[in-house]
Amino acid sequence: MPVSRQRKLEIEKRRLQVAELALKGCRQMEIAERLGETQATVSLDLKQLRDEWRQGARDDIAAEVARQLEKLSLLEREAWDAWE
């Protein structure tokens, strides 16, 4: 069964709260108590958040590598042009 748009927004809001509390150093049980959720839900939220953060970091690294390779390519072209 597809998740409704409203439910997706609720989950996203909760995950933002979980992320904020986790980054402040709160433990899973403390986060669960504060948000009125189970520890299992908080654990799943943290897993999802870590996966998203890792993917974001990979994307950032890949973009930077692509920029650096383009710079090297340009320098190589300029060097060959100057040599000729």
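Biologist: What separates Glu64 and Arg67 in helix α3?
Modeller: About one helical turn, because they are three residues apart in helix α3. Keep in mind that this is a predicted model.

Biologist: OK, and what do the side chains of Glu64 and Arg67 meet in?
Modeller: A salt bridge, with 2.7 Å from N to O.

Biologist: Is Glu64 buried or exposed?
Modeller: Neither, really: Glu64 is partly exposed, and its relative accessible area is 33%. Arg67 also counts as partly exposed, at 48% relative accessibility.

Biologist: Which residues are joined into one network by salt bridges that share partners?
Modeller: Arg14, Arg15 and Asp45.

Biologist: How many salt bridges does a search of the whole structure find?
Modeller: Nine.

Biologist: Let's go back to helix α3. Which residue does Arg54 meet in a salt bridge?
Modeller: Asp51, and the N to O distance there is 3.4 Å. Both residues lie in helix α3, with a spacing of three residues, or about one turn of the helix.

Biologist: And how accessible are Arg54 and Asp51?
Modeller: Arg54 has a relative accessible area of 44%, so it goes down as partly exposed. Asp51 is at 30% relative accessibility and is partly exposed too.

Biologist: Switching to Lys24: what does Lys24 form with Glu20?
Modeller: Lys24 and Glu20 form a salt bridge, and their closest N and O atoms are 3.1 Å apart.

Biologist: Is Lys24 buried or exposed?
Modeller: Exposed, because its relative accessibility is 58% and the cut-off for that label is over 50%. Its partner Glu20 comes in at 45% relative accessibility, so Glu20 counts as partly exposed.

Biologist: Enough charges. Which residues make the nonpolar surface patch?
Modeller: Ile61, Val65, Leu69, Leu72 and Leu75 make that patch, and its area is about 500 Å².

Biologist: Where is Leu75 placed?
Modeller: In helix α3, which covers residues 39–83.

Biologist: And why does Leu75 get called exposed?
Modeller: Because its relative accessible area is 52%, and exposed means over 50%.

Biologist: Can you pull the helix α3 part together for me?
Modeller: Sure. Helix α3 holds the Glu64 and Arg67 pair, about one helical turn apart, and also Arg54 and Asp51. Each pair meets in a salt bridge, at 2.7 Å for Glu64 and Arg67 and at 3.4 Å for Arg54 and Asp51. Leu75 has its place in helix α3 as well, and it contributes to the nonpolar patch alongside residues including Leu72 and Leu69.

Key:
Residues are numbered from 1 along each chain as its sequence is written. This is a predicted model: local features need pLDDT of at least 70, side-chain atom pairs count only at pLDDT 80 or more; totals for chains, interfaces and linings use all residues. Side-chain values use heavy atoms; hydrogens and water are left out. Patches are made of residues with over 30% relative accessible area and no salt bridge: like charges are joined within 9 Å, nonpolar side chains (Val, Leu, Ile, Met, Phe, Trp, Tyr) within 5 Å. Accessible areas come from the Shrake-Rupley method with a 1.4 Å probe; for residues, only the protein chains shown count as cover. A salt bridge is a side-chain nitrogen of Lys or Arg within 4 Å of a carboxyl oxygen of Asp or Glu. Helices (H or I, at least four residues) and strands (E, at least two) are DSSP runs, numbered from the N terminus. Buried means under 20% relative accessible area, exposed over 50%, partly exposed in between (1.4 Å probe, protein chains only).
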